[in-house]
Structure formats: structure tokens, C-alpha cells
Amino acid sequence: MMNDEKLNYDQSFAQLEAEARQAAASLASPEAVENFRLEWLGRKQGRLKQLSDQWLKSAPVDAKRELGQRFNALKTLVEGLLEAAAGAGPTDAALAAEAIDITLPGTRRLTGAEHPITRTMNELIGIFAGLGYSVGVGPEVETDYYNFESMNFPPGHPARDTQDTLVIANQDRRSLRERLLLRTHTSPVQMRTMEQQPPPIRIVIPGKVHRNDAADATHSPVFHQVEGLCVDTNITFSDLKGTLDHAMKALFGSSVKTRFFPSFFPFTEPSADVQISCIFCGGKGCRKCKHSGWIELLGCGMVDPAVFAFAAEKQPGYDPKKISGFAFGMGVERIAMMKYGVSDIGQFYSGDMRFLEQFA
């Protein structure tokens with residue numbers, strides 16, 4: 001290699017090394033590091049690839065060894081600079097730009113609150129949990145069998161008319177008991193639970209239900225229920241009365257009284273409507289209790305043996321000759337309206353923050 005050529009190569013390599021060092025010193029982000037790698041080490045357009053093609057392949061034979069050593073040294077330098085830049089943290093300038101003054105007051109996040117329906121439902125669950133009840137859940141889209149037939153609503157029974165039902169379309173090809181509908185009560189969970197568990201059972205069942213009711217101040221096509229089921233040996237109506245009397249006192253105060261009137265439900269026999277003494281006037285009589293001193297709140301009764309017969313098809317332990325039980329059900333919205341003095345059920349679903357903030 002001629003001295004002039006060697007000098008030119010030395011100057012070129014020294015200039016390339018200086019450029020690489022200067023470029024690497026300003027790398028402050030992962031994107032910049034990647035761009036540096038592509039610029040110098042890219043397989044197709046990288047500067048070292050171009051250098052190899054232009055110098056090493058066309059260099060004289062006697063110069064290739066020395067040029068190869070200088071080229072490898074430059075490549076090692078670039079790779080070292082790249083590794084250092086990739087492993088290093090952000091620069092002081094980058095950190096300063098992202099600095100947070102920790103002495104400033106932080107952004108205060110507003111604490112959420114339970115919706116009044118959720119709060120009431122959880123309060124009811126807590127009362128019965130204290131009595132040893134567990135929580136049962138089930139699907140909102142049910143079959144006719146679980147929603148009606150297994151609850152002693154046989155096809156054509158007039159009691160079905162009291163629960164105006166929202167059915168799923170295009171079910172005509174299925175047998176009646178397999179047709180799908182939006183559950184009209186949470187009672188199907190009672191049957192599903194009995195099919196899965198032998199007695200004794202104590203469950204409380206909260207959930208959303210659907211009926212084709214016209215919306216007004218006290219009715220909604222979508223609302224919530226809490227039902228309960230207790231099954232064991234020697235369960236009597238006295239147990240039912242004691243359980244509900246305790247629950248109403250825990251819910252509305254120890255001064256509340258309860259009374260039971262005969263009623264009818266297909267899945268209980270005997271059945272009763274439960275009234276509580278008016279919590280607004282203390283039983284003296286006012287507009288809210290229609291001057292009777294009492295407010296009807298829920299329905300209940302002893303489980304009909306026909307319901308146990310359906311459960312016994314999968315769980316023989318539900319022999320009505322050996323066990324007995326009671327069930328009850330109440331509307332959550334009705335209780336929430338009484339507890340919080342709400343006159344229109346639609347306010348629970350309106351999403352009006354002015355209304356909801358009262359319960360925060």
C-alpha cells in the first residue's frame with residue numbers, strides 16, 4: 001500500500017470513528033438508538049455495509065489485511081457505542097423534561113359510592129348472611145321449565161298471566177319447556193340450587209328480573225329481587241315468621257312490627273303477604289300507608305311439595321315426606337324507595353348525578 005493511500009484510509013477511518021462517537025453521544029430515546037443502529041449496521045443501507053462494498057472489495061490485495069483490521073475495529077466501536085446507548089438510562093435533559101414537582105398537591109380523585117339499589121341489595125344480603133344464608137346466582141335468560149314449570153306453573157296455568165313475560169324470538173321449534181325467556185323472578189335459582197345440592201339449604205338470591213310492565217312511578221320492565229329459600233327437616237311457618245320479622249327489624253329498625261295475611265303463590269302452600277308497620281307514621285296512619293298504618297312489602301310461604309317433586313328428580317333427598325322449607329321474595333326497588341323517600345322508581349335508572357349524589 002502506498003503511503004498516500006494509507007494516509008487517506010487512516011483519515012477516513014478516524015473521521016468515521018469521530019462521527020460515530022458524536023452521533024452516539026446524542027442518543028436520548030429508544031427510537032434514536034434504533035435509527036443509529038440502522039444507519040451504521042443496517043444490512044442493506046448501513047454505512048459499514050457501504051464501506052465494505054466500496055473499500056474492502058476493491059482494495060489491493062496487499063492492503064486488504066490492514067483495511068480489514070481497521071474496518072473490524074470501526075465495527076467493534078460502533079457496536080460498543082450502540083450497546084452502551086441501549087443499556088443506558090435517559091439523559092439528564094430527558095429526565096429534567098419529565099420531572100414532577102412532588103411538592104405540588106396531587107390530583108384528588110373523587111371516591112365513588114354504591115348505587116342506592118346496590119346498597120339496598122347488599123344490606124339485605126348482609127342481614128341474611130348473618131343468619132347463615134349463602135348467596136345463589138343464576139342466568140337472566142332462562143328456560144320455560146326453570147322459570148315456570150319447575151316452580152309449579154304448568155302450561156296454561158292462569159298464574160302465568162300475572163307475570164307478563166318477555167320471551168326470546170324464534171323459539172317455536174323448541175319444546176315449550178326449552179324455550180328461552182327473560183326470567184320474571186329469581187326463583188329459577190332455587191330449583192337450580194336444589195338440583196345441585198342436597199338438603200339442608202339456606203340461600204338468598206339477589207338479581208335482575210324482567211317483566212313486560214308499563215313504566216310508571218312504581219313499576220319498571222326491569223327491576224331487582226331478593227328471594228330466599230330455606231330447606232331442612234322440621235322447618236315450620238313459625239321459622240318463616242321469625243326469620244322475616246328479624247330481617248324487617250334489622251332493615252327498618254327494632255320498632256317495626258310485621259303481620260301476615262293469607263295469599264296465593266303457585267310455588268308455596270300455604271302462602272302469605274307480609275306487611276310491616278308504617279315506618280313513616282309509626283303505624284298511626286298517613287298518606288303513604290293509606291291511613292292503614294301498614295305497608296305491604298313482600299310475599300312468602302312454605303315450599304309446595306310439587307316443587308320438591310321436581311327437585312327430587314335429580315336430588316332424591318328432596319322428599320316432601322321427610323323435609324320442608326320456606327321461600328320468600330321482595331322487590332329491592334320498593335324497599336329502596338321506602339328507605340330513601342324516593343317517589344318515582346325511574347329516578348334509580350335515569351343516571352341523573354344530581355339524584356345519585358345524595359347517596360354518596
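Two strands count as a pair when DSSP finds at least two bridges between them. Keep that in mind for the views below, which all come from a predicted model.

**View 1. Strand 5 meets strand 9.**
Here strand 5 and strand 9 are linked by 8 bridges and run antiparallel. To see one pairing, look for glutamate 227, whose bridge partner in strand 9 is glycine 329. How many of the residues of strand 9 are buried? The count is 6 of its 8 residues, so strand 9 is mostly covered, with buried meaning under 20% relative accessible area.

**View 2. The whole sheet, strand by strand.**
Zoom out a little and you'll find an open sheet of 7 strands, with mixed pairing. Going across, the order is 1-4-5-9-8-7-6. Why is one side of strand 1 and of strand 6 left without a neighbour in the sheet? Strand 1 (134-135) and strand 6 (258-265) stand at the edges, and each has a single partner strand, so there is nothing in the sheet beside the other side. As a handy rule for looking at any regular strand, the side chains alternate between the two faces of the sheet.

**View 3. Strand 8 and the strands beside it.**
Strand 8 (residues 294-303) pairs with strand 7 (residues 268-277) through 8 bridges, and the two run antiparallel. In this pairing, glutamine 275 stands opposite glutamate 296 of strand 8, while valine 274 has leucine 298 as its bridge partner. Strand 8 also pairs with strand 9, by 5 bridges and again antiparallel. There, cysteine 300 has phenylalanine 328 of strand 9 as its bridge partner. Is strand 8 buried or exposed? Of its 10 residues, 8 are buried, so strand 8 is largely enclosed by the rest of the structure.

**View 4. Two helices lying across strands.**
Helix 8 (residues 188-196) lies across strand 4 (201-210), strand 5 (222-232) and strand 9 (324-331). Its direction is at about 140 degrees to strand 4. Helix 9 (residues 237-252) lies across strand 6, strand 7, strand 8 and strand 9, and runs at about 145 degrees to strand 8. So which strand do you find under both helices? Strand 9 is listed for helix 8 and for helix 9.

**View 5. Helix 6 crosses helix 11.**
Two packed helices are described by the angle between their axes and the distance between the axes. For helix 6 (residues 116-129) and helix 11 (residues 332-340), the axes come within 9 Å and cross at roughly 100 degrees. Helix 6 and helix 11 are therefore roughly perpendicular to each other, as angles of 65 to 115 degrees count that way. Residues making the contact include Pro116, Ile117 and Met121 of helix 6, along with Val332, Ile335 and Tyr340 of helix 11.

**View 6. What covers helix 11.**
The buried residues of helix 11 are Val332, Glu333, Ile335, Ala336, Met337 and Met338. What covers them? The cover includes helix 6 and helix 9, plus strand 5, strand 7, strand 8 and strand 9. Right after helix 11 comes glycine 341, with a positive phi near 65 degrees.

**View 7. Glutamate 142, tucked into strand 2.**
Glutamate 142 sits in strand 2 (residues 141-143) and is buried, with a relative accessible area of 1%. Its side chain shares a polar contact of 2.7 Å with the side chain of arginine 192. Leaving aside neighbours within four places in sequence, the residues in contact with glutamate 142 include Asn147, Arg179, Arg183 and Arg192.

**View 8. Glutamate 17 in helix 1.**
Glutamate 17 belongs to helix 1 (residues 3-25) and is partly exposed, at 21% relative accessible area. Apart from neighbours within four places in sequence, glutamate 17 is in contact with Arg70, Leu74 and Leu77. From glutamate 17 to phenylalanine 223 the C-alpha to C-alpha distance is 76 Å, across 206 residues in sequence. How confident is the predictor here? In the protein chain, mean confidence is lowest in helix 1, at 68, and highest in strand 1, at 96. The chain as a whole has a mean pLDDT of 85, with 90% of its residues at 70 or more. Where pLDDT is low, the predicted coordinates should not be read in detail.

How values were computed. Residues are numbered from 1 along each chain as its sequence is written. This is a predicted model: local features need pLDDT of at least 70, side-chain atom pairs count only at pLDDT 80 or more; totals for chains, interfaces and linings use all residues. Side-chain values use heavy atoms; hydrogens and water are left out. Helices (H or I, at least four residues) and strands (E, at least two) are DSSP runs, numbered from the N terminus. Contact means heavy atoms within 4.5 Å. Axes are lines fitted to C-alpha atoms, for helices over the stretch in contact, and angles run from 0 to 180 degrees between N-to-C directions. Buried means under 20% relative accessible area, exposed over 50%, partly exposed in between (1.4 Å probe, protein chains only). A polar contact is a pair of N or O atoms within 3.5 Å; within protein, one must be able to donate a hydrogen and the other to accept it, and residues adjacent in sequence count only if both atoms are side-chain atoms. pLDDT is the predictor's confidence in each residue, from 0 to 100. Angles under 35 degrees count as roughly parallel, over 145 as roughly antiparallel, 65 to 115 as roughly perpendicular and the rest as oblique.
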